[in-house]
Amino acid sequence: MLAYTYLSPHRFQLVEKPRPTLLDPTDAIVRVTLSSICTSDLHIKHGSVPRAAPGITVGHEMVGVVEAVGQAVSTVRPGDRVTVNVETFCGRCFFCQNGWVNNCTDPQGGWALGCRIDGGQTEYVRVPYADQGLDKIPPNVTDAQALFVGDILATGYWAADIANIGRDDTVLILGAGPTGLCTLQCALLHQPRQVVVCERDPGRRAFVRAHHPQVHTVAPEEVLAFLQTHTSHGGADRVLEVAGGPDSFQLAWKCARPNAVVTVVALYDQDQVLPLPQMYGKNLTFQTGGVDGCRCGEILSLIAAGKLDTTPLITHTFPLSRIEEAYALFEERRDGVIKVAIRPDAP
């Protein structure tokens with residue numbers, strides 16, 4: 001089968017690999033019907049993910065059909081359409097039992113697919129701990145609607161949830177990339193008084209206005225002044241930092257009103273500075289970390305009910321055999337690209 005493979009830093013290649021087989025009783029084999037490219041894949045490509053194992057098939061955003069299951073798998077059966085979770089988690093350890101699956105203590109736990117074991121930019125994938133890592137797709141939900149459930153939509157859902165958004169709140173989202181756009185949809189589920197999206201790219205600000213006309217959009221150089229005139233207490237009540245840019249962390253705390261909550265979802269390439277003397281007296285609460293993606297079933301129910309729809313984020317679709325073109329488009333951010341879907345080639 002074709003598999004897009006990490007060979008060494010700065011070198012990916014489409015190669016032939018054998019189909020995966022069941023290795024443990026908790027495994028499932030999934031035939032991939034749709035996958036996508038994530039910015040984290042680019043981080044692997046450029047050597048900024050040291051734990052990524054050379055030789056692995058990349059990709060961790062995917063949906064598919066269950067082909068085979070191990071003897072211990074009880075929640076899915078061959079023929080089921082499923083989403084695949086970006087995180088591998090055992091479901092039994094202290095952290096999993098508390099819903100903190102990002103910190104699963106199992107040796108296979110955490111971000112494994114497409115990083116430490118073969119991922120989904122291929123035709124078939126082995127999913128460890130399938131009872132936790134797979135969720136059935138409702139019959140009225142398409143593959144495209146479900147594609148981001150296991151990763152960026154789970155991230156947005158988790159971020160909006162831990163931010164504890166209230167109906168009187170002004171919510172500021174920094175970044176309108178794919179994860180920021182998913183976070184926006186999930187924040188809107190909480191029905192806050194107003195939402196402001198801060199984004200440098202005019203095209204992505206236009207995308208937000210076209211799909212969410214009730215949301216304010218501003219550029220980074222405008223956001224502080226905008227919040228001063230459009231809020232009652234000198235800033236946003238809830239700030240969700242999803243941009244991960246060189247100045248976005250500093251912008252996040254500056255845009256927050258005193259006693260606000262700043263939720264940092266972004267992944268940074270460099271250390272960030274917490275300038276405590278400058279922010280002394282603002283009494284801010286910071287929340288940081290990686291997604292605990294264990295509520296995919298809830299997200300699928302919201303999609304089935306028409307309350308979430310991330311299909312507009314899929315701006316381009318390529319066959320697997322042309323995945324190198326897809327990567328170039330995504331990395332260079334050409335042609336208004338937001339997300340690229342990858343389909344296996346027709347047999």
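A residue counts as buried when its relative accessible area is under 20%. The exercises below apply this cut-off and others to a predicted model.

**Exercise 1. Aromatic pairs and their cluster**

Determine how the rings of Tyr-4 and Tyr-327 are arranged, and which parts of the chain the pair ties together.

*Solution.*

Step 1. The whole structure contains 9 aromatic pairs. In the pair of Tyr-4 and Tyr-327, the ring centres are 5.0 Å apart and the planes stand at 45°, so the arrangement is tilted.

Step 2. Tyr-4 belongs to strand 1 (residues 2-8) and Tyr-327 to helix 12 (residues 323-332), so the pair ties together parts that are 323 residues apart in sequence. Tyr-4 and Tyr-327 are both buried.

Step 3. A further aromatic pair joins Tyr-6 and Phe-12, with 5.9 Å from centre to centre and 75° between the planes. An angle over 60 degrees counts as edge-to-face, and the pair of Tyr-6 and Phe-12 is accordingly of that kind.

Step 4. Tyr-6 has a relative accessibility of 5% and therefore counts as buried. Phe-12, at 9%, counts as buried because its value is likewise under 20%.

Step 5. One aromatic cluster is formed by Tyr-4, Tyr-6, Phe-12 and Tyr-327.

**Exercise 2. The buried side of helix 11**

Identify the buried residues of helix 11, establish how they are placed around the axis, and name elements that cover them.

*Solution.*

Step 1. Helix 11 spans residues 296-304, and its buried residues include Cys-296, Ile-299, Leu-300, Leu-302 and Ile-303.

Step 2. These residues cover an arc of only 160° around the axis, so they lie on the same side of helix 11. An α-helix has 3.6 residues a turn, so residues three or four places apart point the same way.

Step 3. The cover over the buried residues of helix 11 includes strand 5 (81-84), strand 9 (134-136), helix 4 (143-146) and helix 5 (152-162).

Step 4. Just after helix 11, Gly-306 adopts a positive phi of about 80°.

**Exercise 3. Gln-185 and the cover of helix 6**

State whether Gln-185 is buried or exposed, and describe the surroundings of helix 6.

*Solution.*

Step 1. Gln-185 is located in helix 6 (residues 178-188). Its relative accessible area is 10%, so Gln-185 is buried.

Step 2. With neighbours within four places in sequence left aside, Gln-185 contacts His-212, Leu-308, Asp-309 and Thr-310.

Step 3. Helix 6 is mostly covered, with 9 of its 11 residues buried. Among them are Pro-178, Leu-181, Cys-182, Leu-184 and Ala-187.

Step 4. The packing partners of the buried residues of helix 6 are helix 5, strand 10 (170-174), strand 11 (194-198), helix 7 (202-211), strand 13 (236-241) and strand 17 (339-343).

**Exercise 4. The second largest pocket**

Characterise the second largest pocket by its volume and its lining.

*Solution.*

Step 1. The second largest pocket holds about 200 Å³ of space.

Step 2. Its lining consists of 15 residues, and those nearest the centre are Pro-18, Pro-20, Thr-21, Asp-118 and Arg-126.

Step 3. By class, 7 lining residues are nonpolar, 4 are polar and 4 are charged.

**Exercise 5. The position of Gly-79**

Locate Gly-79 in the fold, and give its contacts.

*Solution.*

Step 1. Gly-79 sits in the loop between strand 4 (61-69) and strand 5.

Step 2. Residues up to four places away in sequence not counted, Gly-79 touches Val-65 and Val-66.

Step 3. Gly-79 and Gln-13 are 66 residues apart along the chain, and their C-alpha atoms are separated by 30 Å.

Technical notes: Residues numbered from 1 in each chain as written. Predicted model: local features only at pLDDT ≥ 70, side-chain atom pairs only at ≥ 80, totals over all residues. Heavy atoms only, no water. 1 Å grid on protein atoms, 1.4 Å probe; cavity = no way out; pocket = protein on both sides within 12 Å on 5 of 7 lines; lining within 4 Å. Points joined across faces, edges and corners; volume = space filled by probe spheres on them. Nonpolar A, V, L, I, M, F, W, Y, C, P; charged D, E, K, R; others polar. Phe/Tyr/Trp six-rings, centres within 6.5 Å; stacked < 30°, edge-to-face > 60°. Helix = DSSP H or I, 4+ residues; strand = E, 2+ residues; numbered from the N terminus. Buried < 20%, exposed > 50% of the residue type's maximum accessible area, 1.4 Å probe, protein only. Arc of directions from axis to C-beta. Contact = heavy atoms within 4.5 Å.
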